[in-house]
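Visitor: I would like a close look at one part of this structure, the metal site, followed by whatever covalent links can be set beside it. Please take me through it in one connected account.

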Amino acid sequence: MSGPLCDLLPSGSDPGNPAALAGQPAEAALQWLPVLTTFEAAVRASGMSADLHDGSGVTILAPTDDAFAAKFSEDDLDHLLVADKDKLRGLLREHLVAGSLSLADLVAAGTVTTLAGTTVTVTGGGATARLADQADTVCADYQVAGARIHIINHVLGSLPTTGGEGGHRAH
Amino acid sequence: MRDRRTTAILSALLAASLAAFAGPVPAQADPTEPNQVQGLTVAQGDGYATLAWTPVDGATDYQIERTPVAADDTATGPAVITGVWRPNRQINNSSPTFADAGFNPGARFQWRVRARFGTTAEAYSAPVAGTTRAPWGDPAVPGENLRTQWETTLAAQYTSDVNEYAYTAAVDELSDRVRVTEIGRTALGRPINMFVIGYPTPPATPAAVAATSPLMVNCNVHGNEPGDREACLIMARQLAFSNDPRTLDLLSHTTVLIVPTINGDGRAANTRGNSTGQDLNRDYSLIRQPETFALVRMLRDYRPVAGYDGHEFGNSSAGDLPMLPPRHQNVAQSIFDESQHMIEGHMYSQGAKDGWWPCPYGCNGGGNVGLSEETILRNTLGLKNVVNSLLELRSSGGTTRPDEGNTANNRRRKTFSALWTFQQFLDYHRANLKEITSARADAITFQVSNTGRIVFRGSRPIPAYPSPHPGEAPPPLDAPRDGQVLDQAPCAYKLTEEQYNGERTDGPAGQRTTVAQRLAAHGHKVVKVADGYVVPLAQPERGLIPLLLDGQAVEKLVDAERVYPTVTGERSGQLVVSGVTCLRDATVTGPVRVRAGGTLIATGSSITGPVDAGGAAGVFLTDTAVEGPVRVAQSSGPVVIVDATVTGPVDVSGNRGDAPLVAANTVTGPLSCGGNTQAPDNLGLSNSVEGPKSGQCASL
Ligand SMILES: [Zn+2]
């Protein structure tokens, strides 16, 4: 486990600690990571849970809730989750890479290709890596059944940005 | 404005109660350093610890430091700045307090506070230590030992739908005080449950609950704002099993209604809207969706007199707890005033005592929020004469709670701040029930009188609280714009058969409801006439009806025909009503006779002579004086006699429509009722009757 956010996630013997997630399928493990509620809901809404434990393993680049809020307005996010499932699946594939790759594997590879077909550069090293020159891993290397989860701070892919600060939805 | 008048008194009481505070002995620092905080105390609440200290002259702000400690008070982890107190937190800067929260309840800590002058930090106070209150309920006592998923996972997970239903069923089964009732289903078929809680048992029927002037908390309308819902589930357990005198006293005097999850589909999907993408808090007037329809029907049947509606708010510089009353200008003044009093007169004062930071919605740089849409529950409730407030939980820690990068800390602070608010709401209701019910009575008599203009959109102003403000800015003025005011209110609206019973295209396919069903769910009185349906404004939700039925309304159901008064001014001789006759501010010298199938609507009028209606389609007699007997018998439709002054007897019998409304009247003769298909009701507004009250009206 590495990255600045790891200390702020369930640890030690707390429910949801990394060791407790080790044997779990990815879609179950995601439910224990409190910064991934949007990503986790997106996986369920898209019907792609099974894609997260493909026989040959998968790498999950999971953007935080803050990253989703910065990327999409609340309305757009609702629309993705409720109505536009094709677009949602496309978005999720931008965050999945075939093979269960550790942070070190990613850095060593230098580039990876997502299930959406997009080539993503990986730079940096040590505790974090930078993806596509825009997303940093903030807590990497959750090992779950057949997959690695790396939490990142930016949504990947080419959908337009509609979120951000200032647009406080009224109650 | 009850709120502002009582503030000084409350502040004085607050100062006195703090002076008499008998909690832990204040920490003494010796020797004293310059500008060092003195007199620090800590008091434990549910999920928070209130720190209080003596202010340092000239301090800009204060930092609150928390350190985990063992039983012997040796540190077991690093000290962390968990809070920043700023003068805009509370209405009395002379007694600063801070509700530290976010920690795992039950842990032991040491706290210190230091003043800052600009960026210069002064010396820390001497420390105080304390063990925080463990999650409520003895782990060895059945019922008390129930815990939600959110609690058992230490806030790593929210309580799922499945876990909510199991927990709810267990509370129901183990507590005589609780009945869980399903008020409807979501679009996807999830049950929408409501806790009905009373002591020793809750009243058996909705009408019996209504008679206890119940209060309601709506916990989770936006599925991606789950903090209030967790508080509601914990509070339900406290109310169900706590035997402390306060809880028993509260539950002995009223019934608590808690709707934990109206938007179960959105909660499960983590979306703001429901499964169709509809924002349910833009649908409480139109009730296109099954969720809002269910809640509105529940309001009709259970009639809460006060409410809170829980949300979370993305503005990171707002207070802990932004609140707002129903502001729509069609809401009766008394409801607005009493709601403001609940917020400013109670929550602001109690917040200053316990260290939470309620503030007007918007609060700091809030933007264009908190307006007059009647589709929002806050306003819908106000238009239904319910004293109520919006509650927001600031989503992020913001600059005043810098230790919420840990999501669990953030979730706990939000949920326990909501729990504090809802418990305060119960206390407010208990202590102010007379004022609340009197505001409601004033509102109902105002609404049935159908006086004053109609505003389609536009709010009452929320003036800034006198300095020091809790927060910097109230929400925008939001005055009615051109074209959003109707100076001459119609007497009624008339709908065609197609408008009333025709199929709708709004709402989820397969679950759509007609206008007839929606008006019935609201409890609006409708008269069937030969060529359509008439909805008089002389009824308790007068302010809401034009927003649904007028062509000028911003979000209407239909563009119905305005029906204007037919009789105004002076009139002599017998008045015979066969069609729809509407009296407004009329003086009729002579008897009024409503023929079979006729409809009489009279407001603000005076009738010298008897009123006799036999077999009418509908009779509405409000804010009107009648000399002579009033007899309303065998009507096929609604009967509304409210705030009438009758010299002589009143007889309401054999009517076949919904329960006749006989409320707030002054009658010099007897009031007798019998043989009505549904017994007459007074909505809790008793009649002043000199003669005997008998039959179905004996207790009205
Ligand atoms: Zn909300």
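Guide: What follows begins with the metal site and then turns to the disulfides. This is a predicted model, in which local features need pLDDT of at least 70 and side-chain atom pairs count only at pLDDT 80 or more, while totals for chains, interfaces and linings use all residues. Residues are numbered from 1 along each chain as its sequence is written, chains are lettered from A and ligands numbered from 1 in the order in which they are written, and side-chain values use heavy atoms, with hydrogens and water left out.

The zinc ion is held by B:His222 and B:His311, each through ND1, and by B:Glu225, which is listed twice through OE, at 2.0 to 2.7 Å. Donors here are N, O and S atoms within 2.8 Å of the metal (3.2 Å for Na, K and Ca), and because water is not among the atoms, sites may look incomplete. The angles subtended by the four donor atoms run from 52 to 159 degrees, which makes the arrangement irregular; four donors would count as tetrahedral if all angles lay between 85 and 135 degrees, four as square planar and six as octahedral if opposite donors were over 155 degrees apart and all others between 65 and 115, and anything else is irregular.

Along the chain, the donors of the zinc ion follow the spacing H-x2-E-x85-H. B:Glu225 sits in the loop between β11 (215–218) and α5 (227–241) of chain B and B:His311 in strand β13 (residues 306–313) of chain B, so the pair ties together parts that are 86 residues apart in sequence. Helices (H or I, at least four residues) and strands (E, at least two) are DSSP runs, numbered from the N terminus. Both B:Glu225 and B:His311 are buried, a word that means under 20% relative accessible area, against over 50% for exposed and partly exposed in between (1.4 Å probe, protein chains only).

As for the covalent links, the whole structure has five disulfides over all chains, each being a pair of cysteine sulfur atoms within 2.5 Å. In chain B, B:Cys491 is joined to B:Cys582 with an S to S distance of 2.1 Å, and the torsion about their S-S bond is about 110 degrees, so the disulfide is right-handed. This pair links distant parts of the chain, 91 residues apart, with B:Cys491 in the loop between β18 and β19 (492–495) and B:Cys582 in strand β25. B:Cys359 and B:Cys363 are also joined, at 2.1 Å, but with -130 degrees about the S-S bond their link is left-handed.
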